[in-house]
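Here are a few exercises to work through with the structure open beside you. Try each task before reading its solution.

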Amino acid sequence: MAQHEHPDAVRTLYDGKHIRLVSRGNWEYVTRKGVCGIVGFVAVTNEQKLLLVEQPRKPVAANVIELPAGLAGDQAGHDSEDLAVAARRELLEETGYEAAHMRHLVAGAASAGITDEMITLFLATGLAKTGSGAGDGSEQITLHEVPLADVESWSAMRRLEGKVIDLKVYAGLHFARVAALG
């Protein structure tokens, strides 16, 4: 650390195309470049099915079952894209569904020990299938529509197949069930 550098100053250790490895004090972590937020959605169809996506994820060398999610502000000229706007765009892009209602649920850290990413979850309801989904062309996304009552058993079967279940799926299931009751 430089002699006059503040102990909480952020120093860049590596600067890649999409991420930056930085340190603050003696803690190293990753920050994403070129985005203003991360959005995810608990998307529940009128038939009470939770929309989940599956895609290969190189860091875990497996297909991962996840809540649909995406980046805000990652497109040229949209550096400060509103998170709700990004959520609607990403929902359509990944699932082919548009939501009549999009409600902010919660925001929180993705993995606070390794990254500064904060994810904002939205509840998407009043869904209508208007597109093909499957991502932006560079992604290999498979859409799953799973009855709310079956998400846990369905996920257990996917784990037996060698797939990884993102823990946010269970948080999404909680919010979906709360919304179904209320």
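**Exercise 1. Find how the β6 strand is joined to β11, and name a pair of residues that face each other there.**

Keep in mind that this is a predicted model. Start at β6, which covers residues 62–66. Two bridges connect this strand to β11, and the two strands run parallel. Now look for a facing pair: Val 64 sits opposite Val 164 of β11.

**Exercise 2. Work out the strand order of the sheet and say which strands stand at the edges.**

Step one is the order, which reads β10-β5-β6-β11. That makes an open sheet of four strands, and the pairing is mixed. Step two is to look at the ends: β10 (142–147) and β11 (164–165) each have a single partner strand, so each has one side with no neighbour in the sheet.

**Exercise 3. Place helix α2 against the sheet and decide how its buried residues are arranged.**

First, locate the helix: α2 spans residues 151–160 and lies across β5 (49–57), β6, β10 and β11. Its direction makes an angle of about 140° with β10. Next, pick out the buried residues of α2, which are Val 151, Trp 154, Ser 155 and Arg 158. Looking down the axis of α2, you'll see the buried residues fall within an arc of 100°, so they line one face of the helix. Finally, check what comes after α2: Gly 162 follows, with a positive phi near 95°.

**Exercise 4. Compare Ser 155 and His 174: is each one buried, partly exposed or exposed?**

Take Ser 155, in helix α2. Its relative accessible area is 0%, and the cut-off for buried is under 20%, so Ser 155 is buried. Leaving out residues up to four places away in sequence, Ser 155 touches Ile 165 and Tyr 170.

Now turn to His 174, in helix α3 (residues 168–181). At 47% relative accessibility, His 174 is partly exposed, because that class lies between the 20% and 50% cut-offs. As a last step, go from His 174 to Leu 148: they are 26 residues apart along the chain, with 9.8 Å between their C-alpha atoms.

**Exercise 5. Decide where in the chain confidence is highest and where it is lowest.**

Begin with the whole chain: the average pLDDT is 87, and 88% of the residues score at least 70. Then go to the elements: β11 has the highest confidence, at 97, while α3 has the lowest, at a mean of 85. A general reading rule helps here: where pLDDT is low, don't read the predicted coordinates in detail.

Definitions and conventions: Residues are numbered from 1 along each chain as its sequence is written. This is a predicted model: local features need pLDDT of at least 70, side-chain atom pairs count only at pLDDT 80 or more; totals for chains, interfaces and linings use all residues. Side-chain values use heavy atoms; hydrogens and water are left out. Two strands pair if DSSP finds at least two bridges between them. Contact means heavy atoms within 4.5 Å. Axes are lines fitted to C-alpha atoms, for helices over the stretch in contact, and angles run from 0 to 180 degrees between N-to-C directions. Buried means under 20% relative accessible area, exposed over 50%, partly exposed in between (1.4 Å probe, protein chains only). The arc is that of the directions from the helix axis to the C-beta atoms. pLDDT is the predictor's confidence in each residue, from 0 to 100.
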